[in-house]
Amino acid sequence: MNEAELAALYRPRIRELAARVRSDRRLKDPEVTVSRRSQVCGSMITLDLMHEQGRITALGWRSRACTLGMASLGLVTEAAVGQCRAEVAAAGAALWDLLQGQEQIFAAPWEELSVFSAARGFPPRFGSIMLPFAAIDEGFRQMG
């Protein structure tokens, strides 16, 4: 990875999103807690979830992830509140497609997912970027 690729990958907005979740913010009495780890890089997140009528009402977190994983979590912790399982899953699927090279236009509140287009050339980072989506999907599965 050369300096130009690193600069594009770790642009200021990625670092700003990651800073949102630098400190853990757990929920006191979550309905469900889910942990996910990237098999490739070892990044790990834990999400606490609350929901009402099929929509996320609160998210708590603990993150021990790389900057890209934390950036994804930082974005998801804000955008996912108020969303249902299908809406979060659709955003995650569109992000995966973006990482695979397909152009995507993200609808509100997911517009900032486009920042991850710089990660397309770094498949080892995809797992970390996708961690919050996998954790939310598992959380909805557990909540029934």
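**Stop 1: Glu-103 and its partner**

Start by selecting Glu-103, which counts as exposed at 64% relative accessibility. Keep in mind as you go that the model on your screen is predicted. Now add Arg-120 to your selection: Glu-103 forms a salt bridge with Arg-120, and the closest N and O atoms are 3.2 Å apart. Glu-103 sits in the loop between helix H4 (85-99) and H5, and Arg-120 is in the loop between H4 and H5, so this pair ties together parts that are 17 residues apart in sequence. Arg-120 is partly exposed, with a relative accessible area of 24%.

Here is the general idea behind such pairs. Side chains of opposite charge can pair when their charged atoms come close.

**Stop 2: the sheet**

Next, switch to a cartoon view and select strands S1, S2 and S3. In what order do the strands of the open sheet lie? The order is S1-S2-S3, and the pairing is antiparallel. S1 and S3 are the edge strands, since each pairs on one side only. Look along the sheet and you can follow its twist, which averages 20 degrees from one strand to the next.

Zoom in on S1 (residues 32-37) and S2 (residues 44-52). How many bridges join S1 to S2? There are six, and the two strands run antiparallel. To see a partnership up close, pick Thr-33 and then Asp-48, its bridge partner in S2. Then pick Arg-36, which stands opposite Ile-45 in S2.

Follow the chain from S1 into S2 and you pass through a hairpin with six residues between the strands. Select Gly-42 in this turn: its phi is positive, at about 85 degrees.

Move on to S2 and S3 (residues 55-64). These strands pair in the antiparallel sense over nine bridges. Select Met-50 and you will find its bridge partner, Ala-58, in S3. S2 and S3 also form a hairpin, this time with two residues between them. In that turn, click on Gln-53, which has a positive phi of about 50 degrees.

**Stop 3: helices across the sheet**

Now show the helices together with the sheet. Select H3 (residues 67-79). H3 lies across S2 and S3, and runs at about 160 degrees to S3. Then select H5 (residues 126-143). Which strands does H5 lie across? H5 crosses S1, S2 and S3, running at about 145 degrees to S1.

**Stop 4: salt bridges from the strands**

Return to Arg-36 and show its side chain along with that of Glu-138. The two form a salt bridge in which the closest N and O atoms are 3.6 Å apart. This pair links distant parts of the chain: Arg-36 is in strand S1 and Glu-138 is in helix H5, 102 residues apart. Are these two residues buried or exposed? Arg-36 is partly exposed, with a relative accessible area of 29%, while Glu-138 is buried, at 17%.

For another pair, select Arg-64 and Asp-24. Their salt bridge has its closest N and O atoms 2.9 Å apart. Arg-64 lies in strand S3 and Asp-24 in the loop between helix H2 (12-19) and strand S1, so the pair ties together parts that are 40 residues apart in sequence. Both ends can be checked on a surface view: Arg-64 is partly exposed, with a relative accessible area of 42%, and Asp-24 is partly exposed, with 35%.

**Stop 5: a network**

Select Arg-13, Glu-16, Arg-20, Glu-78 and Glu-112 together, and you have a network linked by salt bridges. Look closer at Glu-78, which lies in helix H3. A polar contact of 3.2 Å joins the side chains of Glu-78 and Arg-20. For a sense of scale, add Pro-124: Glu-78 and Pro-124 are 46 residues apart in sequence and 25 Å apart in space, C-alpha to C-alpha. Over the whole structure, a search finds 12 salt bridges.

**Stop 6: the cysteines**

Finish by selecting Cys-41 and Cys-66. Why is there no disulfide at Cys-41? The closest cysteine sulfur, in Cys-66, is 4.8 Å from the sulfur of Cys-41, which is too far for a bond; a disulfide needs the two sulfur atoms within 2.5 Å. The search of the whole structure finds zero disulfides. Cys-41 is partly exposed, with a relative accessible area of 33%. As your last click, select Cys-84, which is buried, with a relative accessible area of 19%.

Key:
Residues numbered from 1 in each chain as written. Predicted model: local features only at pLDDT ≥ 70, side-chain atom pairs only at ≥ 80, totals over all residues. Heavy atoms only, no water. Salt bridge = Lys/Arg side-chain N within 4 Å of Asp/Glu carboxyl O. Helix = DSSP H or I, 4+ residues; strand = E, 2+ residues; numbered from the N terminus. Buried < 20%, exposed > 50% of the residue type's maximum accessible area, 1.4 Å probe, protein only. Polar contact = N/O pair within 3.5 Å; in protein donor to acceptor, adjacent residues only side chain to side chain. Pairing = 2+ DSSP bridges. Axes fitted to C-alpha atoms, helices over the stretch in contact; angles between N-to-C directions. Contact = heavy atoms within 4.5 Å.
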